[in-house]
Amino acid sequence: MPSALWLARAVMLAYAFGAVGALVSRGRAGRALGAAGALAGSLAVLCLGVLVLAGGTPLPLPALVFPISGVLLRVDSLSAVFLLIIGLVGSAAAVYGYGYSAPAPGHPVEPATGGGAGGPRPHPDPRAMGTLLNLLLATMTLQVLADNAFTFLFAWEAMSLATCLFVLTDAADPEAVRAARWYLGMSHAGFAALVGLLLLLSGGDLTIPFEVVRQATLTAGVRDAVFLLAVFAFGTKAGLVPLHVWLPMAHPVAPSQASALMSAVVLKMGIYGLLRIVVDLMHGGPAWWGGVLLGAGALSAVFGILYALLESDLKRLLAFSSIENIGIIWMAIGAGLIFLSYGLLLPASVAFAGALYHALNHAAFKGLLFMGAGAVQRSTGTRNMERLGGLIGTMPWTAGLFLIGAAAVAALPPLNGFASEWLIFQALLEGFRIPQPSTALLMPIAVGILALASGLTAACFVKAFGITFLAIPRSPAAERASEAPFSMRAGMALLAAACIALGLGPFVVVPRLSGALEAMGLTAPGPPSPPLVTRPLGIAGTTGQMSPVLLAAGLLGIVALVHIGLRLAGARAPVRRVDAWGCGRIRQTPRMQYTSAAFAEPLRRVFAELYRPTDDLTVHVHPASEYFVQSIEYHAAVSPWIDRLIYRPMLGLLTRIAGRVRAMQGGSLHLYLLYLCVALLVALLASRWLG
Amino acid sequence: MALFTRLLPSTVTEPLGAGEHDALHVAREIDRRAQRLFGRALAIREVDAGSCNGCEIEISGLTGPIYDMERFGMHFVASPRHADLLLVTGPVTRNMEVPLRKTYEATPDPKLVVAVGDCARTCGVFRGSYAVAGGVGDIVPVDVFVAGCPPEPTDILRGILAALDRRIPEVSR
Amino acid sequence: MTATAWLAAVQTLLAVGLAPGLAGVVRRLKARLQGRIGPPIGQPYRELRKLLQKEPLVAHHASWLFRATPFIVFATTVAVAALVPLLAVGLPIYAVGDLIVVVDLLLAGTFFLALAGLDPGSPFGGMGASREMTIAALAEPVIGVAIFALALTADSTNLGRIAARMLAHPATAVSPGHLLAFAALFIVTLAETGRLPVDNPSTHLELTMIHEAMLLEYSGRYLALLEWAADIKLFVFFALLANLFVPWGLAVTLTPLALAVALGALALKLGVLALALALLETRVAKLRLFRVPELLSVSFVLALLAVTASLLGR
């Protein structure tokens, strides 16, 4: 279709325009050009995604869209779902970024936690933010449109580099440098695995189109190897435990439109890659593949949210929560693969629909939450929740929008987080159809873990919203906070509206996802029904139904009836403002409130075996008498046992090997000449014997 | 087994009846509207403003099986925000003067105050002490004083019922 | 409105209207077990009526969330009451929300109540919020696995269909899977509604409070809504236990006789559960807070055993 081609060209042109415009112009013009380019590009991406999803047929795009030889592009329904994600969050990030990249009025950015040394640093360069935003969006669009291994790898690496540069926006921050180093390392480890698996898949030629790969047959050993490499490669990108270590370092230090994009979209590229390679190109596999994904996903889900609960850094909390949600998506994909291996097509399609829907919903609400956190950081200068509080009064819009995001991630009906979790639950509940009881028993355990993760998320976001926005400000910075500028609020409002719309309209979204599932060779979950507003979302072959629209209408109706009822019952006594009740205490200070560490303390005790916390209590007594305490110092830390058990030994081993190899660089010219002779001899002999 | 014999309608609660000597002093004109409102459902918050706890022991008997104030629709609550009536004991010590006032302010209108014990009315044996700020009536407006050191639980109950202007039931079952 | 819509409305109003009465019955039974006369059964209604007339006091820096929460909690609880089969089985309203929706609606109420506990900035509210969310989070996996066990035998998470399926196959009601699931859900009921041994609803010691601590700051009509919502929550949990596990009496046809029988059966089942609760609360002492996760893990194991038994017995 000519219009799809036109849209694709417009996308690339808009991003190029935005990148160049942000780089060459200064000040407000630069920010505006960058934002405009990103916004136009993202809207075009969104239109492209909607067009293809509605139309349903895949279309190849001529490489003129991106003029490098060897690049093959194609957009099909699976790509279209991820184009929707990119377009939605990209547009919001573009609008938000316009306001965010302006220098914050009189609030230089503080180092993250506690007092921190070094003093406030100048605001990061807005030109970098605008350019990198466009570049990142462009590379991600290219990623989902890739139709051969070369384009896939090219876009992957470009995306990693763009993200890394974004993390390094504030290069004076040692935390950012450390995060960038880890990110680059993990990313390239994943890239190596990706190169390996694509070589295996395409039989050595990286430029053959994916269609050829789809038809190829591979031995079981090669398929298993490809699968394991895929889990590693896409696990590092998507933040699967234990490959997640870069995530809590990188996401908090990037500027907030980047954090939003990274959490919302870049992680989904890992999901996209997994779906593309394992489900589309290899058409699924034996049940143990699904089991591996289910197990890894469950581990990530629980691990992610448990660590999120203990965080006092708002953005790190959100980063860990992303790990949890990605874990949920992996669980859904794993369940789908298990169903697929047993030939249960309908439950499999429900599971994959749930995974895709959750990917879309997570993008919407996580983007919103990161943007809210960014607004708070910009306004108060800190992301440490122990120094925030009371912001619902000074930043009402941000608070309200963050609340929508928090309610969405906690899976409260009738928002979008609940709709996709409901779908995933329904898919897992179909597990009893699996003929083998030992495999079937995995499903209720997965249901239990999913429910636990869901409950812990609710607890975590009560803490995140409550400590940050409610009660009394805990520091002068929080008292001086002011509302975010209009563009930032507009970006957040866009995503909040998406959360509400996606939550109320699963009957619209899920049938459209069927196109993506058919692209993966699965049957659609039920015929696409006309979008009757009140029709409950009942999926043919599954066990339950629900109607979020009627639910929302019912809730609003009950609230209205209660108001009227109270009036009629004569409950009209006016509200009087008084001091809070504190058992008769004289004054109320911010220090009397619950802190974020205190809020999570019961769960810290309950899960102490997993956290292995260390407590350090030092009491300084007065020199004159040990009965008078001068000060008490308390340090509570959670032991980073994944770091200790896996990464430190591995890095130690690598350093030792590197040390040995370094010995080969003796510095002597004669030694190097000897190396050259030996290499030449080996090459000549090899060409003789092999040639 | 003893637990299940309790299911049979045998309770040890004593009927209230009218008292012999008059331990009640109604201090203020009690709000009629409040009385009508609290007639059948009364939430009581107990405040110990420096008492020796003798009155508290008697008050705690009110929730027990013998005196059972719940049969009159009264119950103790955990916060003055939930309360309709403040049951105050003790000579108000200096440290408890502000908390008592704050408790009174934290109670929503309409509200009643019943001061229990001689200490609450006249500071009792602690009158003139350096640690005492004054009787309860000097700190918050009191509706009914119940005299006694300590007053019997039946007198306290009658004091509360007097604050509600409820007819003392002859026989209550 | 059609007959089924009227019936759904009647069911909801029945739950909302009878819930304080159920709380009153439990209080009266407890009093009798303690050798006292106890408050009249209609006492909670009088207390609610009185609270409506009292003035609501709000802390200076409490936000709009504090004043909105009673309405949100009440609305979500009433919505749950609308979705639970009380009298009849095949009503179309059950298609609006299934068992998962019910559980998450209750979680939504808890979410906002916890936020309202944090809002006034008092340490009691924060403590109550923290503990309540801990227990809610730990009860979730039990509920999830128990839902699996129920959906397994009924091939549906739709509440009406679960009850109908059990009516059609009475033998499944005494299957080990179901008995274990009932035990697990009974423990969860105690945890979610804040009754002994998890939480003492009539405690005055703030450090022992879980649910009450979040209500300490509320007064007047806000308190009335929250207390009523807590009563409705207890009613709903009991109705779920009664009508999903012992569904006999539920009306399959919508004739007046069947509905009258259903009402009587409901009253009988709720009465038995109220007596069981009263006996339990009189007999058992409150658990230390950090023993509650142990209790919930026991119920999780019971639920998992329930699912295994049901899966193997298929």
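Helices (H or I, at least four residues) and strands (E, at least two) are DSSP runs, numbered from the N terminus. With that in hand, let's walk through this predicted model, where local features need pLDDT of at least 70, side-chain atom pairs count only at pLDDT 80 or more, and totals for chains, interfaces and linings use all residues. Residues are numbered from 1 along each chain as its sequence is written, while chains are lettered from A and ligands numbered from 1 in the order in which they are written.

**How sure is the predictor about chain A?**

pLDDT is the predictor's confidence in each residue, from 0 to 100. Chain A averages 87, and 92% of its residues score at least 70. Within chain A, helix α15 (residues 396-409) has the highest confidence, at 96, and strand β3 (residues 537-538) the lowest, at a mean of 60. Take more care with residues 109-120 of chain A, where pLDDT stays under 50. Residues 527-534 of chain A are also below 50.

**Where the chains touch**

Two residues are in contact if their C-beta atoms, placed from the backbone, lie within 7 Å. Between chains C and A, the contact takes 71 residues from C and 68 from A. On the chain C side, α5(C) gives the most, with 18 residues. For sorting residues by class, Ala, Val, Leu, Ile, Met, Phe, Trp, Tyr, Cys and Pro count as nonpolar, Asp, Glu, Lys and Arg as charged, and the others, Gly among them, as polar. The side of chain C that touches chain A then splits into 43 nonpolar, 17 polar and 11 charged residues.

Chains A and C share a strand pairing too; two strands pair if DSSP finds at least two bridges between them. Strand β5 (residues 576-578) of chain A runs parallel to β1(C), over 3 bridges, and C:V58 is the bridge partner of A:R577.

What about chain B? Here 9 residues of chain B meet 4 residues of chain A.

**The sheet in chain B**

Which strands make up the open sheet of chain B, and in what order? There are 6 strands, in the order β1-β8-β6-β4-β2-β3, and the pairing is mixed. β1 (24-26) and β3 (74-76) of chain B stand at the edges with a single partner strand each, so one side of each has no neighbour in the sheet. β1(B) pairs with strand β8 (residues 144-146) of chain B in the antiparallel sense, over 3 bridges, and B:L24 stands opposite B:V146.

**Some backbone oddities**

Most residues other than glycine have a negative phi, and most peptide bonds are trans. Here are four spots that go the other way.

| Residue | Feature | Value | Loop |
|---|---|---|---|
| B:P110 | cis peptide bond with B:D109 | omega about -10° | between α4 (94-106) and β6 of chain B |
| C:P197 | cis peptide bond with C:L196 | omega near 0° | between α7 (176-193) and α8 (211-215) of chain C |
| A:C583 | positive phi | near 60° | between β5 and α23 (596-606) of chain A |
| A:R612 | positive phi | about 45° | between α24 (608-611) and β6 (613-621) of chain A |

Are A:C583 and A:R612 buried or exposed? A residue is buried if 20 or more other C-beta atoms lie within 10 Å of its own, exposed if 12 or fewer, and partly exposed in between; C-beta atoms are placed from the backbone. A:C583 counts as partly exposed because it has 15 C-beta neighbours inside 10 Å. A:R612 is also partly exposed, with 13. In helix α16(A), by contrast, 14 of 14 residues are buried.
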